[in-house]
Amino acid sequence: MLKILIVDDEINIRNLFKIRFENEGYEVYTAKDGLEALDVVYDNIIDMCIVDVMMPNLDGNSFVKKIRSENFNMPIIMVTAKGELDDKIEAFDSGIDDYMTKPIEFDELLLRMKALFRRAKIVTDKKIVIGDTILEYDTLTITNNKLNLNVTLTKKEFSILYKLLSYPERTFTKGQLFDEFWGLDNYGDVDAVKVYISKIRSIIEPFPEIDIATIRGIGYRGIKKDEKN
């Protein structure tokens, strides 16, 4: 299921979009400003952002610049009441992919989203391809037909690996991974993350194009080896 982040300081818009997108089969996150949106992006795999411009604390353009500077490449649509050419230039310069002026037609927004997903090659059946190695989200499998390798992971093992390989430029702390995959209400030991990382490393060892690096004193980072050579 694709994950959409709605960033808007108007609660009615957030709630309306959330209902409409969930009815279309998307998983929806919301944030009332750019600062709250950063937390969502850092803690989840977001496939698309729908962002307003005029918000307190951190406006839409500043939010987009921030995540683009940190190599988050998900498609972003700016949906705003500001419709002057200078406003659009500033938004596109910040790193957005499309721009719509309120009031909007929801069906048109859906069409633009689907077009951006196609261009970004993001589909409902999530997949990461790294050289000859393929991670299939729906089946929780890693395959390499060239080496005749096919393994199936548990949901949690696969989700952790998928997240790390989705953002290979980022290092995730044990705390961040624990909060996302064990839940904020789980009071277990964050060292469970270390155990899972060890298990995942053992599983992926035969696959030459993927690995997990330990960044001393910080956490873990996914490695796509075909992009390093």
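These legends go with a set of close-up views of a predicted model.

**View 1. Five parallel strands make an open sheet.**
Reading across this sheet, the strand order is 2-1-3-4-5, and the pairing is parallel. Strand 2 (27-31) and strand 5 (98-101) sit at the edges with a single partner strand each, so one side of each has no neighbour in the sheet. On average, neighbouring strands here are turned by 20° against each other, direction ignored.

**View 2. Strand 1 meets strand 3, and helix 1 packs on the sheet.**
Zooming in on one pairing, strand 1 (residues 3-7) and strand 3 (residues 48-51) run parallel and are joined by 4 bridges. Look for Ile-4, which stands opposite Met-48 in strand 3. Helix 1 (residues 11-23) packs on this sheet, where it touches strand 1, strand 2 and strand 3. The direction of helix 1 makes about 170° with that of strand 2.

**View 3. Phe-106 pairs with two rings from helix 1.**
The model has 10 aromatic pairs, and this view picks out two. Phe-17 and Phe-106 make a tilted pair, 6.1 Å centre to centre with 55° between the planes. That pair links distant parts of the chain: Phe-17 belongs to helix 1 and Phe-106 to helix 5 (residues 106-119), 89 residues apart. Phe-17 counts as buried because its relative accessibility is 9%, under the 20% cut-off. Phe-106, at 8% relative accessibility, is buried too. The other pair, Phe-21 with Phe-106, is also tilted, at 5.0 Å centre to centre and 50° between the planes. Here again distant parts of the chain are linked, with Phe-21 in helix 1 and Phe-106 in helix 5, 85 residues apart. Phe-21 is buried as well, at 0% relative accessibility.

**View 4. Five rings join up in one aromatic cluster.**
Step back from those two pairs and Phe-17, Phe-21 and Phe-106 turn out to share a cluster with Tyr-26 and Phe-117.

**View 5. Four antiparallel strands make another open sheet.**
The order this time is 6-7-8-9, and the pairing is antiparallel. At the edges are strand 6 (127-130) and strand 9 (149-152), each pairing on one side only. From one strand to the next, the twist averages 10°.

**View 6. Strand 6 pairs with strand 7, and helix 6 packs on their sheet.**
Strand 6 and strand 7 (residues 133-136) run antiparallel, joined by 4 bridges. Within this pairing, Ile-128 stands opposite Leu-135 in strand 7. Helix 6 packs on the sheet through contacts with strand 6, strand 7 and strand 8 (141-144). The direction of helix 6 makes about 60° with that of strand 6.

**View 7. Helix 7 keeps its buried residues on the same side.**
In helix 7 (residues 174-181), the buried residues are Leu-177, Phe-178 and Phe-181. They cover an arc of only 100° around the axis, so they end up on the same side of helix 7. An α-helix has 3.6 residues a turn, which means that residues three or four places apart point the same way. The buried residues of helix 7 pack against helix 6 (155-166), helix 8 (191-204) and strand 11 (219-224).

**View 8. A lysine lies over a tyrosine ring.**
The last close-up shows Lys-199 over the face of Tyr-196, at 4.6 Å from the ring centre.

Note on methods: Residues numbered from 1 in each chain as written. Predicted model: local features only at pLDDT ≥ 70, side-chain atom pairs only at ≥ 80, totals over all residues. Heavy atoms only, no water. Pairing = 2+ DSSP bridges. Axes fitted to C-alpha atoms, helices over the stretch in contact; angles between N-to-C directions. Contact = heavy atoms within 4.5 Å. Phe/Tyr/Trp six-rings, centres within 6.5 Å; stacked < 30°, edge-to-face > 60°. Buried < 20%, exposed > 50% of the residue type's maximum accessible area, 1.4 Å probe, protein only. Lys NZ or Arg CZ within 6 Å of the ring centre and 35° of its normal. Arc of directions from axis to C-beta.
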